[in-house]
Amino acid sequence: MTRRADRPSSRTEDSRAELAHAAVALGHAALATGDIENALRWLDRAHRLVPADPNVKLTLASACLDCDPGKAARLFQDVADQHDIRHAWFGVAAARLRQAGPAAAAEALATALSRHIFVSDIQALGTQIAVPPIAPGWCGLSSDGKVVVGAASSTATHVEIRLDGRVVANQHLPRGWQRHARLDVSIEGTPALGSPILIDRMTRVAGCVEAVDGGLAGWAWHPADPDRPVTLTLRCDKSHRTHVIQATTESGEVPHAGPLARPRAFAVSRSELAWARGPIHVTGADGRDLLGSPIDPSAEGTWHAEAATVLAMRYPAAGPRASRKKTRLHAPVFVPLRVDAPVPCAPIGADRRRRGVTVVIPVHNGGRIAIECLDSVLAGTGKDARIIVVDDGSTQEDVVAALDALAADKSIRLIRHRTALGFPASANAGIAAAAGRDVVLLNSDTLVPSGWLERLREAAYRAADIGTVTPFSNDATILSYPHRDGDNPPPDQASVDRIDAAARKANADQIVDLPVGVGFCLYLRRDCLTATGSLRPDIFAQGYGEENDFCLRARRLGWRHVALTGLFVGHHGSISFDPMALHLRRRNARLLDRLHPGYDALVTRFLSRDPLADARRRLDEVRWRAANRRGQSAVILVTHDHGGGVEQRVIAAIRDCQAYGQRAIVLRPAVRSDGETAVTVHDGLAHDYPNLVYALPRELPALRHLLRGTRVIRAEVHHLLDHHVGSIERFLAGLTAPYDVHIHDYAWFCPRLSLLGQQDRYCGEPELPDCASCIADLGHYMNEDLSVEALRARSAAFFAAARTVIAPSEDTATRMRRHFPTLSPTVVPHENDEATPFPPTRRRAGRSNGRIRICVVGGIGKHKGYDVLLACARDAARRSLPLEFVLVGHSIDDARLLATERVFITGPFRPEEIVALIRAQHADLGFVPSVWPETWCLSLGDIWRAGLPAVAFDLGAPAERIRRTGRGFVLPFGLISSSINKALLAAAGADH
């Protein structure tokens, strides 16, 4: 047994995108010919393949507008909420108008008119929606500054227009209107639908700029007016000069710019910037900086040149005695970083004197979250600390008022920037104002627990070379918890306090070395600041990466960066930045890579070693035990991690436990980064404790310790695939409770799991020597090399120790007894077929192509009959049979099935929508093409619930169930495709 058979690979994001792109093209082609039914099928398939793609949502929504306005409204609204684009808001309005009338559509139309430049296509919609008593009419603003008004009544003559509160004489706004914020329009004294018009939203320019070879390059567009080219102004304050450029060429090379985006590229060479000295502001007509601006295109090169010049002075070409002047290296030399440890030198400027601490909080809007952050800091910080808030050009009235009030009562010191300068510049202002004190840079979207600052300070002075300290958080890149990828919901204050208390109990004052600190909450010792310098707004503009650069510079000087694992600070994440800030992050990531070669390797090495794993697991363990309810019983469920029918049965078992007030503890297999087989512990369906991972058999005692005090009343073994079976056996033997075994496939005696032999079909269950030959020829799906004889002996012993072995069908029980003669399985069906609804379904009359439609359900791989379905589709096409297939689900190779032009594939579905989706295909018959003896087949029940009779091969539980209920037909196993198609046509009542 020398090799492992290949499992069907999971569908990658790229392949899904390709299939979705093809489906959209077919949908458009169907729309062009007026075939709405097929257009909707293809577009719905594309949406199922890439459900988050906004462009696909918009296309499907547009196609649904007339036939299903409710679905169209939901899709348009989803895109509008995420991306705020004109087309989506107009779509919401049009769909709701069709669905429920003008009143339901008014809000969406008002949003579109108030935030987006007017286009003539909207006029008819405005006339239908903006009617009394909803509104006296509607208003909009064109890109040339003309106010467009549509009065609902021909007798309405008085229209008043106010620009930032001042009356405007006519509908053409005065020059410079783009710099204003608000336009109010009333008709006969009543606000028009669309008023107030938010000029600052309409004139916003989205884009990003970066330095390239001493020049500038980037892109920009008007999200509220995508058809208009962009005028940009370059301004250098030091040179007192400006320069205007046009971004006119549409660029298709800007990923993630948003749906229907039309970014326009621009470039300015080094020679064209000869007039500039220092940072350059790149602004749109609204006067606001693009992401990445202000920017000094020469800064990066100057920095390297300074380092080279200092080295030239230190190592003169004339020899060491040529210059007696001692020089100190002021600019860092960026040779590749070491990936194993901090630079081994005494830190420059280290001073063990403890200093006072100032908390610096840059704030740019943030609404309620920013205010809650300040409340949290004031409540959780000692009286000896100082708090400096840098208001970086906030425009939200509630935030500005809250800051003014806190400054007035001396709770904070307030520094205010007239316009937004970005996080690095704001942080530097606070650092400078802290004058000689340690500093904590704290994001304005954080929540802190009581005593947080004192604990950070204690950690900072644990050693003379510690420069920065960072706590755990839900969203903190390498310090994220519980999921280390940062995919954690933002907590409220109560959750922060609860997790922090657990962290303190689990990890106390433990520190762990980091490659860099993380800027959401970063304690900076003043001596490290003095030695390293401040953040660099000239390089990193509005922010992202500036703290990494600081920490890497400090690292060069010998400073360490540590995590305080006994402290947890909540973080909402990126509330102050535009959603387009992804581009700034990517830009700054490229800068970091150029400035600090080896940084990526440094972080990659840290993540692969994962020195924070033990701290995260201890924290999970404390929280796990705290979740135990006094007197609550528990059930342990052992299963694999491959989904499918096994997962559906485990989900049902978890819900049964919860219904009885029991805690369902699920053990799944895993492989650690070092290759060790492990087990993960889950609390029912939730994945709240992702760090409860135990290498087996080495950490079996730790697993047992975790469950100490849990009142386990029984265990259910659903599958042992990928588990360290010996450890699971010892674990179960150590329980005081019995375990039951649930049979889902034949992994107990067949290393290929499903009795598939040559040609990927049912093997017939030959004698033991032939089984061994099959495995030698075809490989197996197990994570251990175990002979068939040894596997069966181990399974027999495992069954003997079980309280009950449960099979879902008589067919399964019979097969198990054949290989384990002493076994007496208990048959417990997964569901009561007699009680399963089977609503009568009439064959759809008058299908345009005259074909019988056969429905197949699920994820179709080799064992589920992929080759059978493909052969039947090809035969139907080759012989022009009146037969077509629809697969509700997906397959291991959709492209080959679709290429027959006799198979349509819906794409993935949620369990709760399966019956409705089957019904929506208007099929004549269900088909279960499985080529292995299924132990149950959940999709057969779904086919029946949808009202379709089913056809299956005379093999396994499906045949048993069809015979017992009479809800279909059974075909001899092994029929060729032409015979199968003939039988399907006959079963559907076709004359062929």
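A residue counts as partly exposed when its relative accessible area lies between the 20% under which it would be buried and the 50% over which it would be exposed. These legends describe a predicted model.

**View 1. Asp164 and Asp610, two aspartates with positive phi.** Asp164 is found in the loop between β3 (159–163) and β4 (166–168), where it has a positive phi of about 50° although it is not a glycine. With a relative accessibility of 40%, Asp164 falls between the two cut-offs and therefore counts as partly exposed. Asp610 belongs to the loop between α19 (599–609) and α20 (613–626), and its phi is likewise positive, at about 50°. The relative accessible area of Asp610 is 17%, so this residue is buried. As background, most residues other than glycine have a negative phi, and most peptide bonds are trans.

**View 2. The cis peptide bonds that precede Pro196 and Pro697.** Ser195 and Pro196 are joined by a cis peptide bond whose omega is about 5°, and Pro196 sits in the loop between β6 (190–191) and β7 (197–198). The peptide bond from Leu696 to Pro697 is also cis, with omega near 10°, and Pro697 lies in the loop between β28 (693–695) and α22 (700–706).

**View 3. Leu113 and Ala104 in helix α6.** Leu113, which has its place in helix α6, is buried because its relative accessibility is 2%. Not counting residues up to four places away in sequence, Leu113 touches Phe118, Ile122, Trp138, Cys139, Gly140, Leu193, Gly194, Ile197 and Met202. The C-alpha atom of Leu113 is separated by 7.9 Å from that of Ser195, a residue 82 positions away along the chain; Ser195 is the residue joined to Pro196 by the cis bond of View 2. Ala104, also found in helix α6, has a relative accessible area of 30% and is therefore partly exposed. Between the C-alpha atoms of Ala104 and Ile129, which are 25 residues apart along the chain, the separation is 9.0 Å.

**View 4. Helix α5 (residues 86–100) and the helices that cover its buried residues.** At 1.5 Å a residue, the 15 residues of helix α5 should span 21 Å, and the end C-alpha atoms are 21 Å apart, so the model agrees with the expected span. The buried residues in α5 are Arg86, Ala88, Trp89, Phe90, Gly91, Val92, Ala93, Ala94, Ala95 and Leu97. What covers these buried residues includes α3 (54–64), α4 (69–83), α6 (102–115) and α7 (123–129). Just after α5, Gly101 takes a positive phi of about 100°.

**View 5. The whole protein, with its 32 helices and 38 strands, as context for the close-ups.** The protein has a radius of gyration of 34 Å, close to the 30 Å that the globule rule gives for 992 residues, so it is as compact as a globular protein of that length. Along its principal axes, the C-alpha trace spans about 90 × 80 × 65 Å. Of the 992 residues, 54% are buried, and among contacts between residues at least 6 apart in sequence, 71% join residues at least 24 apart. The protein exposes about 43,100 Å², of which carbon and sulfur atoms supply 51%. There are 119 positive and 110 negative side chains, and the centres of these two sets lie 4 Å apart.

Definitions and conventions: Residues numbered from 1 in each chain as written. Predicted model: local features only at pLDDT ≥ 70, side-chain atom pairs only at ≥ 80, totals over all residues. Heavy atoms only, no water. Helix = DSSP H or I, 4+ residues; strand = E, 2+ residues; numbered from the N terminus. Expected span 1.5 Å × (residues − 1). Buried < 20%, exposed > 50% of the residue type's maximum accessible area, 1.4 Å probe, protein only. Contact = heavy atoms within 4.5 Å. Rg over C-alpha atoms; globule rule 2.2 N^0.38 Å. Areas by Shrake-Rupley, 256 points an atom, 1.4 Å probe, with all protein chains shown as cover. Lys, Arg positive; Asp, Glu negative; His and termini not counted. Charge placed at Lys NZ, Arg CZ, Asp CG, Glu CD.
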